[in-house]
Amino acid sequence: MTAATHSSSFPAAAESPDAVLAGLDPEQREVATSLSGPVCVLAGAGTGKTRAITHRIAYGVHAGVLQPASVLAVTFTQRAAGEMRGRLRGLGAGGVQARTFHSAALRQLQYFWPKAVGGELPRLVERKIQLVAESAARCRLRLDRNELRDVTGEIEWSKVTQTVPADYLAAAVKAGREVPRDAAEIAQIYGLYEQLKRDRGMIDFEDVLLLTVGILQDRSDIADQVRRQYQHFVVDEYQDVSPLQQRLLDLWLGDRDSLCVVGDASQTIYSFTGATPDHLLNFRTRHPQATVIRLVRDYRSTPQVVHLANGLLSQARGRAAEHRLELLSQREPGPEPTFTEHSDEPAEAEGVAHRIRELIATGVPAGEIAVLYRINAQSEVYEQALADAGVPYQLRGAERFFERQEVRRAIQALRGAARFGGNDPLLEEVVDLASQVRAVLSGNGWSTEPPAGSGAVRDQWESLAALVRLAEDFARARPGAALADLVAELDERAAAQHAPTVQGVTLASLHAAKGLEWDAVFLVGLNEGMVPITYAKSDEQIEEERRLLYVGVTRARLHLHLSWAISRAPGGRASRRPSRFLNGLRPGSSASGRGPAGPEGGTRKRGRRGPVQCRVCGKTLTDAGEMKLMRCDGCPSDMDEGLYERLRQWRSGQAKELGQPAYCVFTDKTLMAIAEAVPASEGELTMISGVGGRKLDRFGADVLAICAGEEPAEEGSDDA
């Protein structure tokens, strides 16, 4: 890897403009030196976009083009903002403001509220879902916990798209949203929620943006004051900007064009919150003179992982796909991604846990391994499997690191040692910073070896061990730093929730994994109905599901494992099939989603003479059911599950009319073979074992119509 791959939580301070540019690749250097006019950086996953934009700001500061206090860098998470501030401090640009949209708006709102409105700013709603529950109860509607969460999400979407309660129904229909319950009821809850907030003098996070926009629109004097303060803007993750955030950005800018945006349309995965890539894709239309720079050198992932990521997007459709970036790995080759089919979900979880233990045994740290799934409800089976295997893990999205009781106590102990360490006998024999930290935290439960087993004691030890590792990194990056310097760093991180890595396997949803990376990634539950999720109906929704899987793939540096289960529970019907997004990528599959063609690319032959071979792995088949499918039961299936279910429903009706068992029409194996082959003619249908001349005459027309997506002929129109 080149110097452009190097990343540190504590970068060395730059002393000159040329020093800032050292180690950047040509495209990153172009980003750093493009300081005038609008700039659009299209940055693929793992291409060092944060490095490029922080060096751009630092270069502008060191070159005298930018004043630190006049720059506002905006991103989407406190963690990302904290990381950006840390990098900027290390590069000698510590006065730059790096914040989320909400925190920047809240700061301005708190400052200008007395002048614009008068009095104190209303209190922020701490638990929005509780207020939504009260609003629903007043509407005499009972919502369970999941419904409350969904309705709250609808209210948040309405507000970021600037939709008032009276317009919710029409807006939801126009946007094609799958509403969680009757839209009129949601509008009623939304209206009462807003009324309760007003009555109690409260605002929510969406109001922070709305009120800031309102003040800047109505008070030109305040807008001018903000624009005098901030003269240059950088927006990260621009593909995730909502209409409301874009409106706020426009008001910050005014008639100026000193704006740099960074994004990747292929990583747009938050449209359900109101985010849209349109602002990124239309940037050149709004700013015809914009400089556009593409970052495609991937320093994160091996060529094997990058090849799979590129292949996944090569099948994408839609406007975002037209602007996809073809990544180029800059790393040495690594292992091929693996694709594994399991008999059921517990077996899949056990297999993943077993493979994770193998990786840890070969030296991969547990903290550098992640298991990613589509929805949080999938985590439990993996929690159990990892616990049974004795593998430590952490749930991303659980209690925040710096809010944990043991972490707060540890920082307090370090702060006390920094102030009064000269009188502490624990510190008499230690000189270097890392040893001082280990000595102090030994009194809080840290030890050189972790406690046996799992549970709360092990969780507390992992938190303290994370602080020890952070201190060791800090000491290496800042030779001569004192304990007080480390405490200041911890306070800064706590304010930004920029937590160190806990040494346990990460369990997280694909959405929660955005912006993170690991040495080894397990993408699990990759079944139709889960990825894409069953409620993704429109082409746009399906493509967002593909992008979500792409985000998961690009989290992996070295090891990538993809898996699915063909049934939910042990002994269940093996009716599931792998995600359509894996077609053409996993061994034995075709990009069309249909079964592979014959050796010459033509129609698959039955091969009645001689041994029948599996069309996937080539193994000679002896089982009658496998011979009917032309594949081993354990080999990947390309069955169209929707077609299979339609065929089963049709068969049920036929059997009822004939007064015979369903298998007398067609067996399950024959229906599966039909759903895999999707025949388009009588000749192709007769190639399937179990479809003889008699059944072809009787049922052939119906089966071919169903395969073509049509309704079978009405009974009575066929005298067979």
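**Group meeting: a parallel sheet, a buried cysteine and some salt bridges**

Okay, let's start with the sheet: six strands, 6 in total, make an open sheet with parallel pairing, in the order E11-E16-E15-E12-E14-E13. Strands here are DSSP E runs of at least two residues, helices are H or I runs of at least four, and both are numbered from the N terminus. Two strands pair if DSSP finds at least two bridges between them. At the edges you find E11 (338–342) and E13 (393–395); each has a single partner strand, so one side of each has no neighbour in the sheet. On average, neighbouring strands are turned by 20 degrees against each other, ignoring direction. For angles, the axes are lines fitted to C-alpha atoms, for helices over the stretch in contact, and values run from 0 to 180 degrees between N-to-C directions.

Before I go on: this is a predicted model, where local features need pLDDT of at least 70 and side-chain atom pairs count only at pLDDT 80 or more, while totals for chains, interfaces and linings use all residues. Residues are numbered from 1 along each chain as its sequence is written, and side-chain values use heavy atoms, with hydrogens and water left out.

Back to the sheet. E12 (residues 369–373) pairs with E15 (residues 518–523) in the parallel sense, over 4 bridges, and Leu372 sits opposite Leu523 in E15. What lies across E12, E15 and E16? That's helix H23, residues 539–553, running at about 145 degrees to E15. E16 itself covers 556–565.

Now the whole chain. We have 28 helices and 18 strands. Of 720 residues, 51% count as buried, buried being under 20% relative accessible area, exposed over 50%, and partly exposed in between, with a 1.4 Å probe and protein chains only. Taking contact as heavy atoms within 4.5 Å, 76% of the contacts between residues at least 6 apart in sequence join residues at least 24 apart.

Next, one residue to click on: Cys260, in strand E7 (residues 259–263). Buried or exposed? Cys260 is at 0% relative accessibility, so it counts as buried. Leaving out neighbours within four places in sequence, Cys260 contacts Val39, Val41, Arg56, Phe233, Val234 and Val235. Its C-alpha is also 9.2 Å from that of Ser34, with the two positions 226 residues apart along the chain.

Last topic, salt bridges: a side-chain nitrogen of Lys or Arg within 4 Å of a carboxyl oxygen of Asp or Glu. How many turn up in the whole structure? The search finds 38.

Take Lys49 with Glu237, where the closest N and O atoms are 3.3 Å apart. Lys49 is in helix H3 (residues 49–62) and Glu237 is in the loop between strand E6 (232–235) and helix H12 (243–253), so this pair ties together parts 188 residues apart in sequence. Both Lys49 and Glu237 are buried.

Then there's Glu528 with Arg580, at 2.7 Å between the closest N and O atoms. This one links distant parts too: Glu528 in the loop between E15 and H23, Arg580 in the loop between E16 and strand E17 (612–613), 52 residues apart. Glu528 is buried at 14% relative accessibility, whereas Arg580, at 36%, is partly exposed. And there's a network: salt bridges with shared partners join Lys159, Glu194, Lys197, Asp204 and Asp207.

One more pair, Arg324 and Glu326, 3.0 Å from N to O. Arg324 is partly exposed at 29% relative accessibility, and Glu326 is partly exposed at 42%.
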